[in-house]
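These are my notebook entries on a single protein chain. I recorded what I looked up, one topic at a time.

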Amino acid sequence: MDINLREKLNGIFGYFLAGIFFLGFIILYVGLDGNLLLVGIGTLILLPFIIWFLILNIKEKKIDTEKKAEIQKLKKYGEKVIVNLENIKIDSNSWKQEVRKTSRYEDKVSYVDINYNLIEMKIPYRSEFINYSLHIDMETTKLKIHFAIKRETILYVDLKDKNKNYLDLEFLN
């Protein structure tokens, strides 16, 4: 099947599901005036969406817990590599993005600061290098100050697979 056709069908399916969701919501809302049959029909239509939402929420929490457990395992058993933060090159791009909030009575325009800081490092590990790249959404000056104060941090590397690693930047939080 053509990838473009698959994307189109996926988009149509998404709109179809959104339509069913809103139909169920409208039926439920109309039934709240005292029509128990419409409340039941609306609830039955919305029930699969509620179950799907709960399953997604549980999966996300499980993934988050697994990530935290993996980080703790790396911190406990992984090899520690000291990373100097003083001379790290930071490629930064900052801009103000317009955010428009419209309502029935007014149209508010505000601006949000967007900071895109890309850090790419070659960290020496044994007789090789670990290429590490990350994006940090923080004002560049503040980021440089944090790095200057901290001076160094630790890269935790799995003993069996150097590609499984964790750079400790918790001091930025």
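**Entry 1: R126**

I began with R126, which I record as exposed because its relative accessibility is 59%, and the class of exposed residues starts over 50%. I noted at once that the model is a predicted one. I then looked up where R126 sits, and found it in the loop between strand 3 (107-125) and strand 4. Its backbone also drew my attention: R126 is not a glycine, yet it has a positive phi of about 55°.

**Entry 2: The partner of R126**

Which side chain meets that of R126 in a salt bridge? I found that it is E79, with an N to O distance of 2.8 Å. The pair links distant parts of the chain, since E79 belongs to strand 1 (residues 79-84) and R126 to the loop between strand 3 and strand 4, 47 residues apart. I also checked how open E79 is to the surroundings. E79 has a relative accessibility of 26%, so I entered it as partly exposed. I added a general remark for myself: side chains of opposite charge can pair when their charged atoms come close.

**Entry 3: Other salt bridges**

How many salt bridges does a search of the whole structure find? The search finds eight.

I looked up the pair of D91 and K89, whose closest N and O atoms are 2.9 Å apart. K89 is exposed because its relative accessible area is 57%. D91, at 33% relative accessibility, counts as partly exposed.

I next examined E128 and K162, which form a salt bridge with their closest N and O atoms 3.0 Å apart. This pair also links distant parts of the chain: E128 is in strand 4, K162 is in the loop between strand 5 and strand 6, and 34 residues separate them. Both partners were checked for exposure. E128 is partly exposed, with 43% relative accessibility. K162 is likewise partly exposed, with a relative accessible area of 23%.

Finally, I noted a network: E98, R100 and D107 are joined into one by salt bridges that share partners.

**Entry 4: A second positive phi**

I turned to R151, another residue other than glycine with a positive phi, here near 65°. R151 lies in the loop between helix 3 (140-150) and strand 5 (152-157). Is R151 buried or exposed? I recorded R151 as exposed because its relative accessible area is 51%.

**Entry 5: The largest pocket**

I looked up the space in the largest pocket and found about 200 Å³. Two elements each give two or more residues to its lining, namely strand 4 (128-136) and strand 6 (165-167). Which element supplies the largest share of this lining? The answer is strand 4, with three residues.

I then listed the lining residues: Y132, L134, I136, M138, Y166, L167, L169, E170, L172 and N173. Sorted by class, eight of the lining residues are nonpolar, one is polar and one is charged. As a general note, rolling a probe the size of a water molecule over the atoms shows where empty space is left.

**Entry 6: A nonpolar patch on the surface**

I asked which residues form a nonpolar patch on the surface. They are F21, F22, F25, I26, Y29, V30 and L32, and together they have about 750 Å² of accessible area. I chose F25 for a separate check and located it in helix 1 (residues 3-31). F25 has 46% relative accessibility, and I therefore entered it as partly exposed. This value fits its place in the patch, because a patch residue must have over 30% relative accessible area.

**Entry 7: Separations along the chain and in space**

I compared positions in sequence with positions in space for two pairs.

- N131 and I41 are 90 residues apart in sequence, and their C-alpha atoms are 56 Å apart in space.
- E70 and K142 are 72 residues apart along the chain, with 29 Å between their C-alpha atoms.

I placed N131 in strand 4, and I recorded it as exposed because its relative accessibility is 58%. I placed E70 in helix 2 (residues 36-77). E70 is partly exposed, as its relative accessible area is 33%.

Key. Residues numbered from 1 in each chain as written. Predicted model: local features only at pLDDT ≥ 70, side-chain atom pairs only at ≥ 80, totals over all residues. Heavy atoms only, no water. 1 Å grid on protein atoms, 1.4 Å probe; cavity = no way out; pocket = protein on both sides within 12 Å on 5 of 7 lines; lining within 4 Å. Points joined across faces, edges and corners; volume = space filled by probe spheres on them. Helix = DSSP H or I, 4+ residues; strand = E, 2+ residues; numbered from the N terminus. Nonpolar A, V, L, I, M, F, W, Y, C, P; charged D, E, K, R; others polar. Patch = residues over 30% accessible without salt bridge, like charges linked within 9 Å, V, L, I, M, F, W, Y side chains within 5 Å. Areas by Shrake-Rupley, 256 points an atom, 1.4 Å probe, with all protein chains shown as cover. Salt bridge = Lys/Arg side-chain N within 4 Å of Asp/Glu carboxyl O. Buried < 20%, exposed > 50% of the residue type's maximum accessible area, 1.4 Å probe, protein only.
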